[in-house]
Amino acid sequence: MGEEHGDSWEMWNSFRTLSEHHSQLSVALDVLSSLPSVNSLARWWFGEPVRVAIIVNSSSFLTNARGFHLSKRHQNSSDGVPNHSIQIVISGQQMQNMGTSASNSQNTNNQSEGIEGMQRHPLRSYLDYIAYLYQKMDPLPEQERFELGYRDYLQSPLQPLMDNLEAQTYETFEKDTTKYIQYQRAVAKALVDRVPDEKASTITTVLMVVGAGRGPLVRASLQAAEETGRKLRVYAVEKNPNAIVTLHSLLKIEGWEKLVTIVSSDMRCWDAPEKADILVSELLGSFGDNELSPECLDGAQRFLKEDGISIPSSYTSFFQPVTASKLYNDIKSHKDLVHFETAYVVKFHRVARLTSPQPVFTFNHPEDSTKKNNHRYKKLQFEIPTDTGSALVHGFAGYFDAVLYKDVHLGIEPSTATPNMFSWFPIFFPLRTPVCVQPGIPLEVHIWRCCGTSKVWYEWGVTSPSSSPIHNCNGRSYWVGL
C-alpha cells in the first residue's frame, strides 16, 4: 500500500466486481515505507473489508540512537486498526545496527533469549514495538463502550407515530442527559424572552410537551422554569397508554400535580383548552424528519399562539456518499429488493465517508405558509477529493442538525455534532448496485420526500457518473405510517 505502486484499490475493485462482491472476500494491506494520502487510507481502513491482516514491512520502521520506531504518519494511519480487531503481521528483513526500542528495554534476559533458551525471531522486536503502541492506547470512552454492540448493525428506524414505543426504548433514550440539557437551555432562553424579569412573578407561561413519552422533556421544562424564576403551566400530551401510566406515577412522585396536566391523546386530534406560548417536542429522527415531526407539528400548531415559540424551531437533513462494504454485504445477503430499498439506522464503524455532507431538506416551526406541503425534492452533486483516488459508493449516510431555540442546537451532522449524545445514530440509504466514482467526475444523486394520505416515504437514485434505478418507488419497500 505505497504510492509508488499506483492505486492498488483499482485492482482490488476489479477483482471483487468479478466475484460479484462475494461476502467472504476480505483484504490484507501491505504497509510500506511510503504511504498514500490520509483520504486514500481512510477509504481502505474504514470502507473496505480489511479483516485478515495488516502486513507491516520492516522497511517502514525508522531507526535512531534509541532504537527504532514507526513514523508519526504510520502511527496515525493505523489508529483505526485496534478498533477493528485486525491481525498485524510483520514482514521483511531485520534492519542492521538496530538499537533497543522502548518496549524492548523492558524485556528480561529470558525474554530476549526466548522460551527455554530458544533464539528470538529476528522480527520479534518489531512485533514487541507494535504491542507497545497498543499498550499506550487510551481506553474507549464510556459512550463508545455503550455503542459497541450497535456498530454496523442494521436497525429499522422507529415509527413512534404508528407504533407505541416499548419501555426499554424509552429507558435507553432517557439516559441521554446531553440531549435534555440542551432542551433545558432552549426552554430557559425562551422563557426569559417570553417573560421579562419584572413580570416573572405575575405571568404564567403555558408550555405544551407534545409527545411527552415518560416525562424527560416535562422535567427539563420545569427545571428551566425553576432556573429562570418563571411560572409555568405544563400540558404533557402523549398517545402511548403505557407511557401515560408512567406519567401519572411521576406526577405523584415528583409533586407536579399543580403544575402538570397529563393528556392521553394524539396531538393531531387533541382539542386544547387554551393556546400555548411554547410548544416542545422531540419527534426528530436520524434524518430530522423521518419520524414525521413535520406532520405532527403541523397538526399541533393550531393550538400555538400566533407569536408562540416552537422548540425545535427548525431542522435540516444532510446526505453524504459512503463506502460501506460490510453494510452492503449484510443487505445483499437477504437476496431481495426490499432490503436494498430500506433506510436503516446504523452506528457507523467500518464506513468511509468520502466527502463532506450536504444539506437536503429543511423544516421550520411554526410554519407560516398556508400551503403546508411537506413533499420535498433535492438534487445534490458531490466530488470526491483528488487525493482519495477512486472509490465505490455503497450508499448514503443521512444526518440532521436541529435549532432548538436561537443559538441552542443539537444534531449528529459530523462537523457540528453535539458531543456525548447517543439518542440518534446516522441513517443509511443503500444502493442496489454500488457506483464507482473517480476524482473530478461529479456524483449526482436525487432524493425525494413523498407524502401520501397514510404514509410518508423516501425515494433516491443516482444519475452520474452512471444511472441507477430510482429506489423505493411509491414507497413499495419502506415507508413511515401516518
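**Figure 1. An open sheet of four antiparallel strands runs in the order β15-β19-β20-β21.** Strands here are DSSP runs of E with at least two residues, helices are runs of H or I with at least four residues, and both are numbered from the N terminus. Two strands pair if DSSP finds at least two bridges between them. The edges of this sheet are β15 (376–382) and β21 (480–481), each of which pairs on one side only. Strand β20 (residues 455–464) runs antiparallel to β21, and two bridges join them. Look for V456, which stands opposite V480 in β21. A note that applies to every view: this is a predicted model, in which local features need pLDDT of at least 70 and side-chain atom pairs count only at pLDDT 80 or more, while totals for chains, interfaces and linings use all residues. Residues are numbered from 1 along each chain as its sequence is written, and side-chain values use heavy atoms, with hydrogens and water left out.

**Figure 2. Five parallel strands build an open sheet in the order β8-β7-β6-β9-β10.** Why do β8 (260–264) and β10 (304–311) have one side without a neighbour in the sheet? Both stand at the edges and have a single partner strand each, so one side of each is left free of a neighbour there. From one strand to the next, the twist averages 25°; angles run from 0 to 180 degrees between N-to-C directions, and axes are lines fitted to C-alpha atoms, for helices over the stretch in contact. Strand β7 (residues 231–238) pairs with β8 in the parallel sense over five bridges. One bridge to find is that of E238, whose partner in β8 is S264. Helix α8 (residues 177–194) packs on the sheet and touches β6 (204–210), β7, β9 (276–280) and β10, where contact means heavy atoms within 4.5 Å. The direction of α8 makes about 155° with that of β10.

**Figure 3. The largest pocket holds about 1,000 Å³ of space.** For readers who like to know the grid: on a 1 Å grid over the protein atoms alone, a pocket is an open set of points with protein on both sides within 12 Å along at least five of seven lines, whereas a cavity is a set of points where a 1.4 Å probe fits but cannot get out; lining residues have an atom within 4 Å of a point. Grid points are joined across faces, edges and corners, and a volume is the space filled by probe spheres set on the points. Lining this pocket are 45 residues, of which L158, L165, T169, F173 and E291 lie nearest its centre. The elements that give two or more residues to the lining are α7 (167–174), α8 and β7. Of these, α7 gives the most, with six residues. By class, the lining has 21 nonpolar, 14 polar and ten charged residues. Here Ala, Val, Leu, Ile, Met, Phe, Trp, Tyr, Cys and Pro count as nonpolar, Asp, Glu, Lys and Arg as charged, and the others, Gly among them, as polar.

**Figure 4. Two cavities of 30 Å³ or more turn up in a search of the whole structure.** The largest encloses about 70 Å³ of space. Its lining consists of W12, R16, H21, H22, L25, P49, S325, Y328, N329 and H394. Two elements, α1 (8–18) and α12 (325–332), give two or more residues to that lining. The largest share, three residues, comes from α12. Sorted by class, the lining of the largest cavity has four nonpolar, five polar and one charged residues. About 30 Å³ of space lies in the second largest cavity, which is lined by L279, L297, Q301, L304, S310, H365 and P366. Four of these lining residues are nonpolar, three are polar and none is charged.

**Figure 5. Helix α11 (residues 293–300) is mostly covered, with eight of its eight residues buried.** Buried means under 20% relative accessible area, exposed over 50%, and partly exposed in between, using a 1.4 Å probe and protein chains only. The buried residues of α11 are S293, P294, E295, C296, L297, D298, G299 and A300. L297 also lines the second largest cavity. Across the 482 residues of the protein chain, 52% are buried.

**Figure 6. V27 sits in the loop between α1 and β1 (28–31).** Is V27 buried or exposed? V27 counts as buried because its relative accessibility is 7%. The C-alpha atoms of V27 and W44 are separated by 9.0 Å, with their positions 17 residues apart along the chain.
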